[in-house]
Amino acid sequence: MKQDGVADILAMAFMFVLLILGAVLMHAYSLRPLRAATDRQLELKCGHIYKALETAWVEPYTVSFLRAAAENIVLEHPTVPGPYLRSAMENALGYLSPPDYEISATLTQDGGILIFNENVRPPSKQFVRSGTVSITGAGGENVVVQVEVMLFSFS
Amino acid sequence: MTLTQILKMLVACILVITFILVTASAYRQHRTISALAELTDATSSIVTQLAVDELAHVDETGNKYSYVLDPDRLDNLTFKREVGGENFEFQVSLGYQGSENLTFGPAPPENKTNCSLVVACSLWLNDRFQLAKFGVIAWYA
């Protein structure tokens with residue numbers, strides 16, 4: 001009789017533990033759609049940052065940030081001088097960056113590389129938007145520069 | 001019926017009630033989370049629709065510049081949208097470096113959950129493409 005009593009209590013305790021575990025899992029799993037929607041928003045933000053840098057002009061020039069950066073890799077005499085562009089670009093990335101996030105932009109072409117805002121901490125998540133910018137080189141040839149804009153999350 | 005049997009019955013009842021409560025709570029949370037996720041996606045959809053089409057700058061030759069906003073087009077904007085069969089209302093904010101944020105549209109009601117999304121964009125202003133931030137706060141109508 002005593003052994004039966006202990007077995008029943010153990011079975012019930014086990015059922016309670018299962019119930020609590022199930023509840024924790026159900027609640028944790030139910031947050032996934034919201035996390036996915038938030039990630040989609042961050043992906044969208046990253047795309048918008050790329051497009052903004054592609055279209056907005058560097059003050060006071062009439063050339064966009066990404067084009068000016070690409071010219072700095074390809075051309076000997078770019079429209080926007082290197083030190084001025086770095087300062088303007090980092091200022092722009094700081095302005096566009098949401099709180100608790102950092103933005104970095106990398107341009108590469110045949111071994112030439114230009115990174116803006118490279119000293120970022122290891123992120124918990126990152127979103128990347130890549131594309132290209134075409135520049136007419138000094139000899140009239142078309143040079144394609146690869147661009148990568150990254151949005152780092154630290155929360 | 002012995003005392004042990006009564007206790008076992010009591011524990012079993014508590015177990016069943018707890019199970020029902022946990023299931024009901026999980027279902028309610030699932031519905032809340034689904035509604036929030038839907039609101040988040042609707043906000044993203046509204047932002048994309050506005051930035052790519054409705055507020056996009058159109059030059060003299062009729063070329064449309066997606067992701068470049070024309071503040072003059074905000075005057076004719078309606079601040080209601082149907083997304084995925086649900087009706088949403090929204091408020092728009094626009095600001096560029098060195099300026100204060102300007103808001104357009106109705107203020108979000110205090111008793112309703114809202115979702116806010118701010119994205120980068122370009123602004124066609126004073127014959128220049130300027131860096132700007134474009135924000136949308138949306139809520140269920």
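Reader: What makes the reach of α2(A), from its first C-alpha to its last, close to the expected one?

Author: The expected span of a helix is 1.5 Å times one less than its number of residues. α2(A) has 24 residues, for which 34 Å is expected, and it reaches 35 Å. A helix here is a DSSP run of H or I with at least four residues, and a strand is a run of E with at least two, both numbered from the N terminus. This is a predicted model, in which local features need pLDDT of at least 70 and side-chain atom pairs count only at pLDDT 80 or more, while totals for chains, interfaces and linings use all residues. Residues are numbered from 1 along each chain as its sequence is written, and chains are lettered from A and ligands numbered from 1 in the order in which they are written.

Reader: Why is α3(A) called largely enclosed by the rest of the structure?

Author: A residue is buried if 20 or more other C-beta atoms, placed from the backbone, lie within 10 Å of its own; it is exposed at 12 or fewer and partly exposed in between. Nine of the 10 residues of α3(A), residues 65–74, are buried, so the helix is largely enclosed. Among the nine are Phe65(A), Arg67(A) and Glu71(A). The buried residues of α3(A) pack against α2, α4, β1, β2, β3 and β4 of chain A.

Reader: Which residues of the largest nonpolar core touch the most other members?

Author: Ile49(A), Cys121(B) and Ala138(B) do, in a core of 63 residues. Such a core is a set of buried Ala, Val, Leu, Ile, Met, Phe, Trp, Tyr and Cys residues joined through C-beta atoms within 7 Å. Ile49(A) is also listed among the buried residues of α2(A).

Reader: What does Cys121(B) touch?

Author: Two residues are in contact if their C-beta atoms, placed from the backbone, lie within 7 Å. Not counting residues up to four places away in sequence, the contacts of Cys121(B) include His48(A), Ala52(A) and Tyr67(B).

Reader: How many residues does each chain give to the contact between them, and which element of chain A gives the largest share?

Author: Chain A gives 30 residues and chain B gives 33 residues. On the side of chain A, the largest share, 13 residues, comes from α2(A).

Reader: How do you know that β1(B) and β2(B) pair?

Author: Strands pair if DSSP finds at least two bridges between them. β1(B) and β2(B) have three bridges, in the antiparallel sense. These strands form a hairpin with five residues between them, and Gly62(B) in the turn has a positive phi of about 95°.
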